[in-house]
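Hi,

Here is the structure I promised to pass on. Have a look at it first, and then read my notes below.

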Amino acid sequence: MKAITWSFGMQSRAASRVGEKPDLSGAVEAAARAGMTEAIIFGKDHTGFCFYPTKTGVMHPRLKINLTKGMSDELHKRGMKAIAYVNFGMDGEAARRRPEWRQEKSPGVYSTTKDHFADLCLYSGYLDEYLLPVLKELLTECRVDGFFLDTMSAFHYCCCPVCRADFKAKTGHELPLPEDENNPDWDLFGPYSFRRMTDAIAKVREYVHTIRPEAVVIFNHVGGPWIPLNFPGVMDGVVSCDPPAFFPWISLYSNYTSSLPVTGDVFVERFARGWGDRSANDDLTMIYKSAVIFMYGQRFCVGDRLHPEGRLAPGSLHAMNLILRNWRKMNRLISSSAKLAPDFLLLYSESFKAGKALKDFSRGKIYYPLGSYRLLLDCGRSFMVTPEMALARNLDTKRFLLLAGTEYLKPETEKLIRRFVADGGNMLVGECLPRLDDDSIPEWLGIGGEASEPYQPCLYLPDFRKRIADSERILVRGDVRKIELSTAEPLLYGYPQYDMTLMGGGYNSSAAEPADVPLLTVNRYGKGKVYFLNCALFADYADSASRQQRQWASDLLKKLWKNASFELESPSGNVEIASWRDGEKTSVHVLVNHGGRRNSLQYLHTSEQIDAPQPVYEVVLKVRAKAKSPKVMLNGKKTECTRKGEFLHIPVRMDDVWKIVKVTE
Ligand SMILES: [Zn+2]
């Protein structure tokens with residue numbers, strides 16, 4: 001498990017004094033004692049202020065100390081690395097001095113404020129004339145060891161004169177404008193933006209590495225769930241991303257980054273109210289939020305802030321010690337040689353962000369598979385979210401692959417999946433049929449075509465269990481299309497609405513007779529099987545959180561994949577499992593209690609607390625085991641279990657944020 005790291009944040013305004021009563025050594029000493037090996041310090045914030053005397057940038061007007069170099073020196077004294085935060089896409093001061101550097105959102109429209117941040121265009125001269133020299137100064141004057149470049153708006157659309165001319169020069173077409181939504185040149189803009197972003201990242205990395213070859217260069221979010229594509233430095237460096245600080249984002253991000261080779265930083269900044277403000281953030285919440293990062297072995301980058309006086313506030317010190325204690329407790333129970341051992345892989349498709357063949361890249365669209373995530377979590381499955389760039393390293397015929405909401409597969413990914421199935425892999429495709437570059441459906445699905453228009457806006461599921469008399473079938477909302485099977489066979493049929501029509505504006509009752517359109521199909525391809533679920537169960541669950549849907553999905557997964565090694569039975573879901581293997585004979589299962597969450601009803605992104613006491617869930621962990629009487633430990637103490645067939649059944653009372661079960665055969 002990676003040690004935690006700290007961000008000594010200092011987003012500022014001109015009126016605030018900075019460094020009036022500094023205790024930089026105290027702040028860094030606390031981090032050193034907490035076992036950290038590096039920390040993020042502030043170089044340049046989004047207002048545009050530098051926190052050191054600068055010749056190229058704009059120094060904070062009320063800065064009393066050399067904060068950046070002071071922190072860097074204190075870290076180095078203790079053998080720690082200093083990573084400088086630099087806001088990459090925003091700089092209010094630069095925009096106020098050089099308006100021609102501003103990002104033009106649409107003709108004549110800029111995102112600027114009077115005395116705070118502004119969005120800048122990287123290609124306007126801002127990067128070359130201003131930002132790169134600031135990075136050089138930080139490396140040479142402040143001796144920092146690398147950068148956390150906060151991308152923010154840096155790679156957003158811009159129609160400034162430079163960007164228009166560049167698009168014209170590269171493509172021969174005029175840059176499409178935002179109001180011209182149906183302009184066919186958007187199809188050129190996506191791949192063009194992707195290449196341009198790749199080039200910009202490569203340029204910054206090269207510039208930094210020329211000055212200091214070993215410097216760390218992190219572009220926030222690049223390669224993470226927000227931008228799930230492969231850019232320079234993503235597969236051989238740390239991927240850092242800051243999720244919205246509420247369920248299920250933190251665990252989704254941690255799970256996602258655990259699929260990458262170097263793994264990632266999950267940078268949680270908005271703990272409670274406002275920006276790093278922990279004034280209403282209690283201990284239980286911090287233990288919970290850190291546990292969902294540690295359960296996947298990821299590094300928690302705590303997005304804290306320094307007191308403007310230049311010292312650690314008492315709340316920060318308390319949080320540091322609390323999170324560290326939690327880390328130590330969990331770390332003791334997960335051996336460093338253990339590796340995550342998911343039974344299921346959930347593909348995090350590039351098309352969620354970039355559409356077909358990158359055509360929607362940089363158009364501000366994104367689809368998050370929140371329903372799939374919550375459904376697998378609530379079904380008690382040990383699963384890994386993997387972006388396409390990490391699929392090859394995680395794909396294994398011992399794992400069941402799930403694609404939900406994937407509209408497009410690029411040739412490399414399609415080839416990987418085809419080989420996986422031919423070699424005996426099993427998978428389920430849900431929501432929609434993925435398309436290839438030529439618009440065809442991959443042959444391993446065994447489905448020749450589908451209607452362009454939906455035939456029903458919802459579907460009722462057939463029963464897996466005995467239904468209570470007169471109760472309605474389980475409704476799944478979302479469009480359903482007619483499909484033409486080629487080699488696939490139908491396995492199940494759903495039920496359309498009564499007389500195939502809505503009841504006014506809402507869904508009509510279920511018809512008595514099933515539809516003639518298959519709900520579930522199977523195609524045998526090579527040694528493997530590909531299932532297709534022709535309804536929007538995964539997406540609908542993001543909204544419905546329906547107990548009936550969960551039960552049905554849980555039954556379905558049991559029927560489709562009998563080789564899973566682990567399963568958690570929790571009456572209401574809400575308990576997440578991450579399973580690890582340590583050699584052939586030991587498995588370790590981290591269970592986290594997601595109960596007791598309280599959210600803002602207005603601003604979901606800023607607050608989520610865990611209220612004490614958390615609900616207690618009585619769960620049963622099922623672990624496939626060959627040995628007659630394996631040793632089972634719960635949080636380091638021996639616990640009871642029973643055997644049912646090939647599985648051990650281990651009852652666990654989830655009366656705490658997390659529990660760790662270790663099974664040794
Ligand atoms: Zn521009």
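**Salt bridges, sheets and helices**

With a relative accessibility of 23%, Arg624 falls in the partly exposed class, the range between under 20% for buried and over 50% for exposed. Its salt-bridge partner is Glu646, with the closest N and O atoms 2.7 Å apart. That pair links distant parts of the chain: Arg624 belongs to strand E30 (residues 617-624), while Glu646 is in the loop between strand E33 (642-644) and strand E34 (647-654), 22 residues apart.

Before you go further, keep in mind that this is a predicted model. The protein chain has an average pLDDT of 94, and 98% of the residues score at least 70. The stretch to be wary of is residues 272-276, where pLDDT stays under 50. For those residues the model has 17 contacts beyond four places in sequence.

Back to the charges. Searching the whole structure turns up 44 salt bridges. Glu608 is a nice one to click on. One partner is Lys289, at 3.1 Å between the closest N and O atoms. Since Glu608 sits in strand E29 (residues 608-610) and Lys289 in helix H8, this pair ties together parts that are 319 residues apart in sequence. Glu608 and Lys289 are both buried. Glu608 also meets Arg597 in a salt bridge, at 3.6 Å from N to O. Here Arg597 comes from strand E28 (residues 597-599) and Glu608 from E29, so the parts tied together are eleven residues apart in sequence. Glu608 has a relative accessibility of 1% and so counts as buried, whereas Arg597, at 26%, is partly exposed. Elsewhere, a network of salt bridges links Glu29, Arg33, Glu74, Lys77 and Arg78.

Now for the sheets. One is an open sheet of six strands, ordered E13-E26-E27-E35-E31-E32, with antiparallel pairing. At its edges are strand E13 (339-340) and strand E32 (637-638); each has a single partner strand, so one side of each has no neighbour in the sheet. Within this sheet, strand E31 (residues 631-634) and strand E35 (residues 658-664) are joined by four antiparallel bridges, and Leu634 has Val661 in E35 as its bridge partner. Helix H8 (residues 283-294) lies across E35 and strand E27 (586-593), at about 145° to E27.

The other open sheet has seven strands in the order E15-E14-E16-E17-E24-E23-E22, and its pairing is mixed. Strand E15 (383-387) and strand E22 (489-493) are the edge strands, each pairing on one side only. On average, neighbouring strands here are turned by 20° against each other, ignoring direction. Helix H7 packs on this sheet, touching strand E14 (344-348) and E15, and its direction makes about 70° with that of E15. Nine of the nine residues of H7 (residues 249-257) are buried, so the helix is largely enclosed by the rest of the structure. Among them are Trp249, Leu252 and Tyr256.

Which residues of helix H5 are buried? In H5 (residues 161-171) they are Cys163, Asp166 and Phe167. Viewed down the H5 axis they fall within an arc of 100°, so they line one face of the helix. Pro161 and Ala169 are exposed on the other side of H5. The buried residues of H5 pack against helix H4 (122-140) and helix H6 (186-211). Just after H5 comes Gly172, with a positive phi of about 80°.

Cheers

Methods: Residues are numbered from 1 along each chain as its sequence is written. This is a predicted model: local features need pLDDT of at least 70, side-chain atom pairs count only at pLDDT 80 or more; totals for chains, interfaces and linings use all residues. Side-chain values use heavy atoms; hydrogens and water are left out. Buried means under 20% relative accessible area, exposed over 50%, partly exposed in between (1.4 Å probe, protein chains only). Helices (H or I, at least four residues) and strands (E, at least two) are DSSP runs, numbered from the N terminus. The arc is that of the directions from the helix axis to the C-beta atoms. Contact means heavy atoms within 4.5 Å. Two strands pair if DSSP finds at least two bridges between them. Axes are lines fitted to C-alpha atoms, for helices over the stretch in contact, and angles run from 0 to 180 degrees between N-to-C directions. pLDDT is the predictor's confidence in each residue, from 0 to 100. A salt bridge is a side-chain nitrogen of Lys or Arg within 4 Å of a carboxyl oxygen of Asp or Glu.
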